[in-house]
Amino acid sequence: LCMFPDGKQLPENEVGTRAHGGVGYLSWRTGALVVPMRITGIYHMSLWEFLTRKRTAKVVFGKPLNSSDLFPGVSQPSLEDIKAAVEKAVASIKTL
């Protein structure tokens, strides 16, 4: 499952400015790993540019984060805990 933390694609300089808590909640609820991933070069890419290879995209994967990394010592996270977890994941994306 691929989720954009901001809820949609944004220009690369705006990634993480409007992050929502969905990925944090899913990680806590299911125990699934969160794999930070940065995709660059696709904002406003047209199908023609993609098919003719006029532009290139780059995908970089970060170190997987498990729910204990995102929620250290928290058994029942609050909304603030979930938002903090997403901010950790987004911070790791920004370093990629």
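**Helix α4, the strand pair and the loops**

Me: Which residues of helix α4 are buried?
Reply: In this predicted model, helix α4 covers residues 79-94. A residue is taken as buried when its relative accessible area is under 20%. In α4 that condition is met by Ile82, Ala85, Val86, Ala89, Val90 and Ile93.

Me: How wide an arc around the axis do these buried residues of α4 cover?
Reply: An α-helix has 3.6 residues a turn, so residues three or four places apart point the same way. The buried set, which includes Ile82, Val86 and Ile93, lies on the same side of α4, because the directions cover a narrow arc. On the other side of α4, Glu80 and Glu87 are exposed. The arc of the buried residues is only 135 degrees.

Me: What distance does α4 reach from its first C-alpha to its last?
Reply: Helix α4 has 16 residues. At 1.5 Å a residue, the expected span is 22 Å, and the model comes close to that value. The distance from the first C-alpha to the last is 23 Å.

Me: By what distance are the C-alpha atoms of His20 and Ile82 separated?
Reply: His20 is found in the segment before α1, and its relative accessibility of 49% makes it partly exposed. Ile82 is one of the buried residues of α4. The two residues are 62 apart along the chain, and their C-alpha atoms are separated by 9.1 Å.

Me: Which residue has its C-alpha atom 9.4 Å from that of Asp81?
Reply: Asp81 belongs to helix α4 and is partly exposed, with a relative accessible area of 28%. Its partner in this pair is 60 residues away along the chain. The residue whose C-alpha atom lies at 9.4 Å is Gly21.

Me: Which residues form the covered face of strand β1?
Reply: In a regular strand the side chains alternate between the two faces of the sheet. Strand β1 spans residues 37-40, and its uncovered face holds Met37 and Ile39. The covered face is formed by Arg38 and Thr40.

Me: Which residue of β2 is the bridge partner of Thr40?
Reply: Strands β1 and β2 run antiparallel, and four bridges join them. Strand β2 covers residues 58-61. Thr40, on the covered face of β1, has as its bridge partner in β2 Lys58.

Me: By what distance are the C-alpha atoms of Val59 and Met37 separated?
Reply: Val59 sits in strand β2 and is partly exposed at 44% relative accessible area. Met37 belongs to the uncovered face of β1. Along the chain the two are 22 residues apart, and their C-alpha atoms are separated by 6.9 Å.

Me: What is the area of the nonpolar surface patch that includes Leu33?
Reply: Leu33 lies in the loop between α1 (22-30) and β1, and it counts as exposed because its relative accessibility is 54%. Val59, a residue of β2, also contributes to the patch, together with Val35 and Phe61. The area of this patch is about 400 Å².

Me: Which residues meet in the one salt bridge?
Reply: A search of the whole structure finds one salt bridge. The acidic partner is partly exposed at 22% relative accessibility, and the basic partner is partly exposed at 28%. The N to O distance is 3.2 Å, and the side chains that meet are those of Glu49 and Arg55.

Me: Near what value is phi of His44?
Reply: Most residues other than glycine have a negative phi, and most peptide bonds are trans. His44 is in the loop between β1 and α2 (47-51), where it is exposed at 64% relative accessibility. Its phi is positive, near 60 degrees.

Me: Which residue in the loop between α2 and β2 has a positive phi?
Reply: The residue has a phi near 55 degrees and is not glycine. Its relative accessible area of 73% makes it exposed. The residue, in the loop between α2 and β2, is Arg53.

Me: What pattern does the protein follow along the sequence?
Reply: The secondary structure comes to four helices and two strands. Buried residues make up 24% of the 96 residues. Read along the sequence, the pattern is α-β-α-β-α-α.

Note on methods
Residues numbered from 1 in each chain as written. Predicted model: local features only at pLDDT ≥ 70, side-chain atom pairs only at ≥ 80, totals over all residues. Heavy atoms only, no water. Buried < 20%, exposed > 50% of the residue type's maximum accessible area, 1.4 Å probe, protein only. Pairing = 2+ DSSP bridges. Patch = residues over 30% accessible without salt bridge, like charges linked within 9 Å, V, L, I, M, F, W, Y side chains within 5 Å. Areas by Shrake-Rupley, 256 points an atom, 1.4 Å probe, with all protein chains shown as cover. Salt bridge = Lys/Arg side-chain N within 4 Å of Asp/Glu carboxyl O. Expected span 1.5 Å × (residues − 1). Arc of directions from axis to C-beta.
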